[in-house]
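Keep the model open in a viewer and make the selections in the order given below. Each stop says what to select and what is found there.

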Amino acid sequence: MLVLRGRVVEFLGESRAWHEWKAYSDKIFKRMNCLEDALQAFRRSQYVPGAGLRLIGNCADYAFTREVKVILEDWSDRVTWEDTVSRLSDILPALTEKWADQRKNEFATLATHALEDAGLVPGTDPLTLAVTMFQCKQCTCSPARLRWPAVVKHDCIRTYKVPHKAAYHRAITIYLARSWHDRSQQLFADPGQSVFMRDTLRYAREVVTACGLDPNKATKDDMDACGVRLRCRLCATLDKQEVFHWEGAVSTYLPLIWFTMLIGITTSASIDCT
């Protein structure tokens, strides 16, 4: 009898906890729609044709912040949908600036360590150097497309893993699971786990040097303005295709190490300035 009573009490406790959780999560789900509306309006307000890439996070990047949590959990009767959207809109600029600064610091640290390991001493912001081109560990995306700040938008850096088990984080995770099949909607992860510079740095360094510039100082703008074009003799021989731009040379340069192993042509001899 005591055993049965204990099980009944346990069942009632679990049932009450589930209903409390369901009521809580339903409220969070409704407020997350407010965040989506505020974020969509913020993106529209920040769009300037021809202004370049503006770093703005997605719902996952903002939803797990303390500031957004406070607003989403404020469901007093006097707070309307419009009030919540307005409050979220007010904090999004500051949160975006903070988020963008965090991303820049992460990639700057990653680039600095890679440059130091390669014996380079950057004379300027490491993210502006021509040799700072990242390579994805999970896909074959061109390094020319993984420069700062475009690399932040690379889907492979995002994750569906949530760092906490609290009720709020569980609710947000379930809400976002509806669109988490789209990796661009997932939470931004540690870039060091997804991208690296070891190979691209080696190839970019040789290309920049071949163009007559200092890899410690040359920026992307310097390389674009130098007017030098490169020709890959291996590509011209096998694919009847030549590389005419330095970033294209770096991107094509990556697989050359495999070709040299197969046909015995040294890497340094396979690219010449024309």
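Begin with the largest pocket of this predicted model, which holds about 270 Å³ of space. To find its centre, select D61, T65, W99, Q102 and R103, the closest to that point among the 17 residues of the lining. Now colour the secondary structure elements that supply at least two lining residues each: α2 (59–63), α3 (66–72), α4 (81–117) and β3 (187–188). Which of them gives the most to the lining? Helix α4 does, with six residues. Colouring the lining by class shows eight nonpolar, two polar and seven charged residues.

Move to the second largest pocket, with about 200 Å³ of space. Select R43, Q46, Y47, V48, A51, G52, L53, R54, I56 and K153, which line this pocket. By class, this lining divides into five nonpolar, two polar and three charged residues.

Next, show the whole chain as a cartoon. The view should contain 10 helices and six strands. The chain has 274 residues, and 39% of them are buried. Switch to a surface: about 15,500 Å² is exposed, and carbon and sulfur atoms supply 55% of that area. How much of the contact set comes from residues 24 or more positions apart? Among contacts with a separation of 6 or more, such residues account for 70%.

Return to the cartoon and show the aromatic side chains. The structure holds six aromatic pairs. One of them is F29 with Y175: the ring centres are 6.0 Å apart and the planes meet at 35 degrees, so the pair is tilted. A tilted pair is one whose planes are neither under 30 degrees nor over 60 degrees apart. F29 sits in helix α1 (residues 2–46) and Y175 in helix α5 (residues 167–176), so this pair links parts of the chain 146 residues apart. Are the two partners buried or exposed? F29 is partly exposed, at 24% relative accessible area, while Y175 is buried, at 3%. The cut-off for buried is under 20%.

Now select F107 and F134. These two rings form an edge-to-face pair, 5.4 Å from centre to centre with 70 degrees between the planes. F107 belongs to helix α4 and F134 to the loop between α4 and β1 (135–136), so the pair ties together parts 27 residues apart in sequence. Both F107 and F134 are buried.

Extend the selection to W99, W148 and F188. Together with F107 and F134, these residues form a cluster linked by ring pairs. W99 was also selected at the first stop, as one of the residues closest to the centre of the largest pocket.

For the last stop, select Q193, in the loop between β3 and β4 (195–196). Is Q193 buried or exposed? Q193 is exposed, because its relative accessible area is 58% and the cut-off for exposed is over 50%. Add C136 to the selection and draw a line between the two C-alpha atoms: Q193 and C136 are 9.4 Å apart in space and 57 residues apart in sequence.

Note on methods
Residues are numbered from 1 along each chain as its sequence is written. This is a predicted model: local features need pLDDT of at least 70, side-chain atom pairs count only at pLDDT 80 or more; totals for chains, interfaces and linings use all residues. Side-chain values use heavy atoms; hydrogens and water are left out. On a 1 Å grid over the protein atoms alone, a cavity is a set of points where a 1.4 Å probe fits but cannot get out, and a pocket is an open set with protein on both sides within 12 Å along at least five of seven lines; lining residues have an atom within 4 Å of a point. Grid points are joined across faces, edges and corners, and a volume is the space filled by probe spheres set on the points. Helices (H or I, at least four residues) and strands (E, at least two) are DSSP runs, numbered from the N terminus. Ala, Val, Leu, Ile, Met, Phe, Trp, Tyr, Cys and Pro count as nonpolar, Asp, Glu, Lys and Arg as charged, and the others, Gly among them, as polar. Buried means under 20% relative accessible area, exposed over 50%, partly exposed in between (1.4 Å probe, protein chains only). Contact means heavy atoms within 4.5 Å. Accessible areas come from the Shrake-Rupley method with a 1.4 Å probe; for residues, only the protein chains shown count as cover. Rings of Phe, Tyr and Trp (its six-membered ring) pair if their centres lie within 6.5 Å; planes under 30 degrees apart count as stacked, over 60 as edge-to-face and the rest as tilted.
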